[in-house]
Amino acid sequence: MVNVTKASGEKEKFDKKKIERTVIKAGASRQFADKIVREVEKKIYEGITTKEILKITLKLLKDNPEVASRYDLKRAIMNLGPSGFPFEKFFAAILKNYGYETKVGVTMTGKATTHEVDIIAIKEKNYMIECKYHNQLGTHTDSKVAMYTYARYLDLKNNPENKIDLGWLVTNTKCTSHAIQYAEGVGLKITSWQYPKNENLQKLIMKKRLYPITILKSVNGSIKERLSQVSIVLARDFIDSNLEELKIKTHLPESILNKIIKEAREVCEC
């Protein structure tokens with residue numbers, strides 16, 4: 001069995017089922033996914049990196065660009081920007097689609113000090129959300145971040161003027177087992193790439209096709225910045241809004257918007 005080198009440097013056995021499941025989640029048939037896996041198996045070698053496997057898979061998916069885009073979801077999120085602010089907007093937009101009221105970038109006073117809170121979310125309970133964004137593969141969120149988030153939550157909760165019920169740590173990569181163990185012990189909510197099992201970031205996105213704008217190949221650097229400035233962070237925003245509204249809001253040429261809308265429909269409406 002071939003060993004694969006993860007972005008963190010760790011080794012693990014090659015698991016073809018991972019590729020198969022992800023290709024199917026991206027909208028491909030099981031038969032097509034099986035074909036892709038067989039082709040990947042022909043090209044792998046001992047010690048191959050997960051990055052190289054991704055590159056091989058995307059090349060095999062080039063004739064199905066909408067499937068390729070969805071398959072590359074994790075990297076699309078990492079391309080939101082060098083800072084965490086676009087990710088905060090992105091997760092707030094996800095929450096809105098699940099019935100939450102949200103505010104991004106809120107200054108609040110705790111019992112001991114003032115805090116810049118990434119997101120305040122309300123749905124039956126009031127949540128203080130700390131977003132930990134990573135733009136490199138293999139970087140995990142550890143227990144220190146979980147402890148820091150919980151400490152901030154406690155300080156805000158201890159000010160009776162604040163209505164905060166729960167702390168919530170959100171990250172676009174994985175949390176370490178120690179971070180999860182600590183969070184479970186103190187009652188801190190966590191949403192990471194694959195945790196918890198039924199409400200992780202990947203599933204929240206895929207269930208309602210809430211893909212970031214960076215999943216679209218037609219959204220390059222300057223266009224991405226423009227869209228982020230006007231708080232357009234979901235690809236489906238180009239389907240849900242009409243062309244005239246988008247022209248006024250983004251100040252982008254009609255030709256560029258039409259290209260983005262076409263690709264958004266292909267990616268979001270599988």
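Which residues does Thr-102 touch, not counting residues up to four places away in sequence? The first legend takes this up.

**Figure 1. Surroundings of Thr-102 in strand S3 of the predicted model.** Strand S3 covers residues 101-109, and Thr-102 belongs to it. Leaving aside residues up to four places away in sequence, Thr-102 touches Ala-92, Leu-95, Lys-96, Ile-119, Ile-120 and Ala-121. Thr-102 has a relative accessibility of 16%. The cut-off for buried is under 20%, so the residue counts as buried.

**Figure 2. The whole chain, as context for the close-ups.** The chain holds 13 helices and seven strands. Its radius of gyration is 20 Å, close to the 18 Å from the globule rule for 270 residues, so the chain is as compact as a globular protein of that length. Along the principal axes, the C-alpha atoms fill a box of roughly 60 × 50 × 30 Å. Buried residues make up 46% of the 270. Take the contacts between residues at least 6 apart in sequence: 57% of them join residues at least 24 apart. The exposed area is about 14,200 Å², with 48% of it supplied by carbon and sulfur atoms. Charged side chains number 47 positive and 33 negative. The centres of these two sets are 4 Å apart.

**Figure 3. A salt bridge between Glu-130 and Arg-152.** The N to O distance is 2.3 Å. Glu-130 sits in strand S5 (residues 125-132) and Arg-152 in helix H7 (residues 143-157), so the pair ties together parts that are 22 residues apart in sequence. Are the two partners buried or exposed? Both Glu-130 and Arg-152 are buried. Elsewhere, salt bridges that share partners join Lys-6, Glu-12 and Lys-18 into one network. The salt-bridge count comes to eleven.

**Figure 4. A salt bridge within helix H2, from Glu-39 to Lys-42.** The side chains meet at 3.2 Å, N to O. Why are the two residues separated by about one helical turn? They are three residues apart in helix H2, which spans residues 30-43. Their accessibilities are listed separately. Glu-39 is partly exposed, at 26% relative accessibility. Lys-42 is exposed, at 63%.

**Figure 5. The salt bridge of Arg-75 and Asp-72.** Here the N to O distance is 3.1 Å. Asp-72 is buried, with 8% relative accessibility. Arg-75 is partly exposed, with a relative accessible area of 33%.

**Figure 6. Lys-51 in helix H3, with Leu-137.** Helix H3 runs over residues 50-60 and includes Lys-51. How far apart are the C-alpha atoms of Lys-51 and Leu-137? They are separated by 8.9 Å, although the residues are 86 apart along the chain. Lys-51 has a relative accessibility of 61%. The cut-off for exposed is over 50%, so Lys-51 counts as exposed.

**Figure 7. The loop between strand S7 and helix H9, with Ser-192 and Pro-196.** The loop links S7 (189-191) to H9 (201-208), and Ser-192 lies in it. Ser-192 is buried, at 2% relative accessibility. Which residues does Ser-192 touch, not counting residues up to four places away in sequence? They are Thr-171, Thr-173, Lys-174, Cys-175, Asn-200 and Leu-201. Pro-196 is in the loop between S7 and H9 as well. The peptide bond from Tyr-195 to Pro-196 is cis, with omega near -5°. Most peptide bonds are trans.

**Figure 8. Positive phi at Arg-209.** Arg-209 is not a glycine, but its phi is positive, about 55°. Most residues other than glycine have a negative phi. Where is Arg-209 found? The residue is in the loop between H9 and helix H10 (221-229). With 32% relative accessibility, Arg-209 is partly exposed.

**Figure 9. Positive phi at His-251.** His-251 is not a glycine either, and its phi is positive at about 60°. The residue lies in the loop between helix H12 (243-250) and helix H13 (254-268). His-251 is exposed, with a relative accessibility of 63%.

Conventions
Residues numbered from 1 in each chain as written. Predicted model: local features only at pLDDT ≥ 70, side-chain atom pairs only at ≥ 80, totals over all residues. Heavy atoms only, no water. Salt bridge = Lys/Arg side-chain N within 4 Å of Asp/Glu carboxyl O. Helix = DSSP H or I, 4+ residues; strand = E, 2+ residues; numbered from the N terminus. Buried < 20%, exposed > 50% of the residue type's maximum accessible area, 1.4 Å probe, protein only. Rg over C-alpha atoms; globule rule 2.2 N^0.38 Å. Contact = heavy atoms within 4.5 Å. Areas by Shrake-Rupley, 256 points an atom, 1.4 Å probe, with all protein chains shown as cover. Lys, Arg positive; Asp, Glu negative; His and termini not counted. Charge placed at Lys NZ, Arg CZ, Asp CG, Glu CD.
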